[in-house]
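Open the model in your viewer and keep the sequence panel beside it. The stops below go from one helix to the core, then to a pair of rings, and end with the whole chain.

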Amino acid sequence: MTQNPWTRQQSPTPGPEQSATGPSQPADLSRRGPSAPQHGVPAPAEDQRLPKFAIPAADTLWWVGVHGGAGETTMSLLLPGTRAANHRWPIPPPPVPTPVILVARTNGSGLRAAQRAAIEWASGVVQGVAVLGLVLIADAPGRLPRVLDDFADIVGGGVPRVWDIPWIEEWRRGEAPTPDNTPDEVFEVLESIYALRASNPADYPAPY
């Protein structure tokens with residue numbers, strides 16, 4: 001991946017989160033679930049699975065939108081050097097799996113699609129990918145209804161990590177994501193994902 005352009009400028013005076021020797025590492029803001037496929041998880045029916053496509057090598061991070069309009073293209077714009085898989089699993093040749101992050105909206109259909117993709121991965125039928133986590137992008141302003149919030153917690157328990165992206169009105173109006181129209185919460189998510197990917201090459205456990 002290229003140098004992270006989404007790091008806030010550090011203050012010249014060390015604060016409580018910054019030592020005099022340099023900035024602290026971005027916090028991993030995500031919840032944690034299983035980090036690899038699990039024995040005994042039944043695979044979804046064929047018509048409930050995401051399609052696959054071949055890639056030449058596991059050389060970058062891919063965003064896998066689990067439904068139409070999930071926001072994987074936006075995520076690829078936010079972190080240059082990453083790619084959108086367009087609702088498909090990117091499968092490299094053996095032996096190194098490619099790292100992917102699932103992307104979904106927080107409405108009911110988006111969460112159900114994320115759950116299906118997580119189950120598909122957990123069942124072990126998707127060989128050659130290492131799922132690092134799930135990005136949930138708000139589908140509307142304001143807090144999630146309790147029933148969706150609870151469902152999001154259930155879905156998030158099936159993947160290694162979950163990151164939340166809030167509603168951003170400028171993006172809804174069609175403005176391209178830039179540092180100027182991106183809130184601090186998104187910077188924190190991007191820094192967390194960038195640090196995770198930079199410190200862990202594509203050697204996560206994945207069957208082949």
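Start by selecting helix α3, residues 146-156. This is a predicted model. Within α3, colour Leu 148, Phe 151, Ala 152, Val 155 and Gly 156, which are buried. Why do they lie on the same side of α3? Around the helix axis they cover an arc of only 135°, and that places them on one side. The general rule is that an α-helix has 3.6 residues a turn, so residues three or four places apart point the same way. Now turn to the other side of α3 and pick Arg 146, Val 147 and Ile 154, which are exposed.

Next, go to the largest nonpolar core, which has 30 residues. Which of its residues touch the most other members? Select Val 66, Trp 89, Leu 102, Val 129 and Leu 134 to see them. To trace where the core comes from, show the elements that give it two or more residues: β5 (62-65), β7 (89-91), β8 (98-105), α2 (108-123), β9 (129-137) and α3. Of these, α2 supplies the largest share, seven residues.

Stay in this core and centre the view on Leu 134. Setting aside neighbours within four places in sequence, its contacts include Ile 101, Leu 102, Val 103 and Ala 104. Ala 114 is also in contact with Leu 134, as are Val 155, Val 159, Arg 161, Val 162 and Trp 163. One of these, Val 155, was already coloured as a buried residue of α3.

Another core lies apart from the largest one and has 21 residues. To find this second core, select Ala 70, Leu 78, Leu 132 and Tyr 194, which are among its members.

Now look for rings. How many aromatic pairs does the structure hold? There is one. Select Phe 53 and Trp 62, whose rings meet edge-to-face, with 5.5 Å centre to centre and 75° between the planes. Are these two residues buried or exposed? Both Phe 53 and Trp 62 are buried. Add Arg 88 to the selection: its charged end sits over the ring of Phe 53, 3.8 Å from the ring centre.

Finally, zoom out to the whole protein chain. Shown as a cartoon, the chain has five helices and 10 strands. Of its 208 residues, 44% are buried. Switch to a surface view: the accessible surface comes to about 10500 Å², and 53% of it belongs to carbon and sulfur atoms. Among contacts between residues at least 6 apart in sequence, 80% join residues at least 24 apart.

Methods: Residues numbered from 1 in each chain as written. Predicted model: local features only at pLDDT ≥ 70, side-chain atom pairs only at ≥ 80, totals over all residues. Heavy atoms only, no water. Helix = DSSP H or I, 4+ residues; strand = E, 2+ residues; numbered from the N terminus. Buried < 20%, exposed > 50% of the residue type's maximum accessible area, 1.4 Å probe, protein only. Contact = heavy atoms within 4.5 Å. Areas by Shrake-Rupley, 256 points an atom, 1.4 Å probe, with all protein chains shown as cover. Arc of directions from axis to C-beta. Phe/Tyr/Trp six-rings, centres within 6.5 Å; stacked < 30°, edge-to-face > 60°. Lys NZ or Arg CZ within 6 Å of the ring centre and 35° of its normal. Core = buried A, V, L, I, M, F, W, Y, C linked by side-chain atoms within 4.5 Å.
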